[in-house]
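The following account leads the reader through a single protein chain, moving from the overall form to individual residues. Please keep the sequence and the structure in view while reading.

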Amino acid sequence: MAFVFIIYALVILLIINSLTHSLCTKTNMSKEKQPRVFRTINVLITILLISSYVEVLNAV
């Protein structure tokens, strides 16, 4: 089950990163600000994925 969740998490991160890239290009965000935006979103999504994994483990 952990293997399936890891694959799921990687797919979610890839999708979120592509959406973040689209956001940065559409808003004409400066190159200096983009890494901070990517880092913040990736950390928040990772926290969300870890908490949902713990929730799934507790439900089983």
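**A guided reading of the chain**

Asn28 is exposed, because its relative accessible area is 67%, and the cut-off for that class is over 50%. The model in which this value was computed is a predicted one. Asn28 sits in the loop that lies between helix H1 (2-26) and helix H2 (34-59). The backbone of Asn28 also deserves attention: its phi angle is near 50 degrees, which is a positive value in a residue other than glycine.

From this loop the view may be widened to the whole chain. Its secondary structure amounts to 2 helices and 0 strands. The radius of gyration is 14 Å, well over the 10 Å that the globule rule gives for 60 residues, so the chain is more spread out than a compact globule. Taken along the principal axes, the box filled by the C-alpha atoms measures roughly 45 × 15 × 15 Å. Of the 60 residues in the chain, 15% are buried. The chain exposes about 4700 Å², and 72% of that area is supplied by carbon and sulfur atoms.

The database record adds a further layer. In an unreviewed entry, UniProt places the feature "transmembrane region" at residues 6-25 and 37-54. In the model, residues 6-25 are 100% helix and 0% strand, and the C-alpha atoms at the ends of this span are 29 Å apart. Residues 37-54 are likewise 100% helix and 0% strand, with 26 Å between the C-alpha atoms at the two ends.

Helix H1 may be considered next, through one of its residues. Ile7 lies in helix H1. Its relative accessible area is 41%, and Ile7 therefore counts as partly exposed, a class that lies between the 20% and 50% limits. Ile7 is also one of the residues that make a nonpolar surface patch of about 780 Å². The other members of this patch are Phe3, Val4, Ile6, Leu10, Val11, Ile15 and Leu19. As for distances along the molecule, Ile7 and Glu32 are 25 residues apart along the chain, and their C-alpha atoms are separated by 31 Å.

Helix H2 offers two residues for inspection. Gln34 belongs to helix H2. Is Gln34 buried or exposed? With a relative accessible area of 15%, Gln34 is buried, because the class requires a value under 20%. The side chain of Gln34 reaches the backbone oxygen of Met29 at a distance of 3.3 Å.

Ser52 is also placed in helix H2. Its relative accessible area is 28%, and so Ser52 is partly exposed. How many ångströms separate the C-alpha atoms of Ser52 and Phe5? These two residues are 47 residues apart along the chain, and the separation of their C-alpha atoms is 9.9 Å.

The path ends at Val60, which is found in the segment after H2. Val60 has a relative accessibility of 75% and therefore counts as exposed. Val60 and Arg36 are 24 residues apart along the chain, and their C-alpha atoms are separated by 37 Å.

Two of these pairs may be set side by side. Ser52 and Phe5, at 47 residues apart along the chain, have C-alpha atoms separated by 9.9 Å, whereas Val60 and Arg36, at 24 residues apart, have C-alpha atoms separated by 37 Å. In viewing the model, the reader may trace both pairs across the 2 helices of the chain.

Terms used:
Residues numbered from 1 in each chain as written. Predicted model: local features only at pLDDT ≥ 70, side-chain atom pairs only at ≥ 80, totals over all residues. Heavy atoms only, no water. Helix = DSSP H or I, 4+ residues; strand = E, 2+ residues; numbered from the N terminus. Buried < 20%, exposed > 50% of the residue type's maximum accessible area, 1.4 Å probe, protein only. UniProt positions renumbered as here; feature names shortened; annotations may be inferred. Patch = residues over 30% accessible without salt bridge, like charges linked within 9 Å, V, L, I, M, F, W, Y side chains within 5 Å. Areas by Shrake-Rupley, 256 points an atom, 1.4 Å probe, with all protein chains shown as cover. Salt bridge = Lys/Arg side-chain N within 4 Å of Asp/Glu carboxyl O. Rg over C-alpha atoms; globule rule 2.2 N^0.38 Å. Polar contact = N/O pair within 3.5 Å; in protein donor to acceptor, adjacent residues only side chain to side chain.
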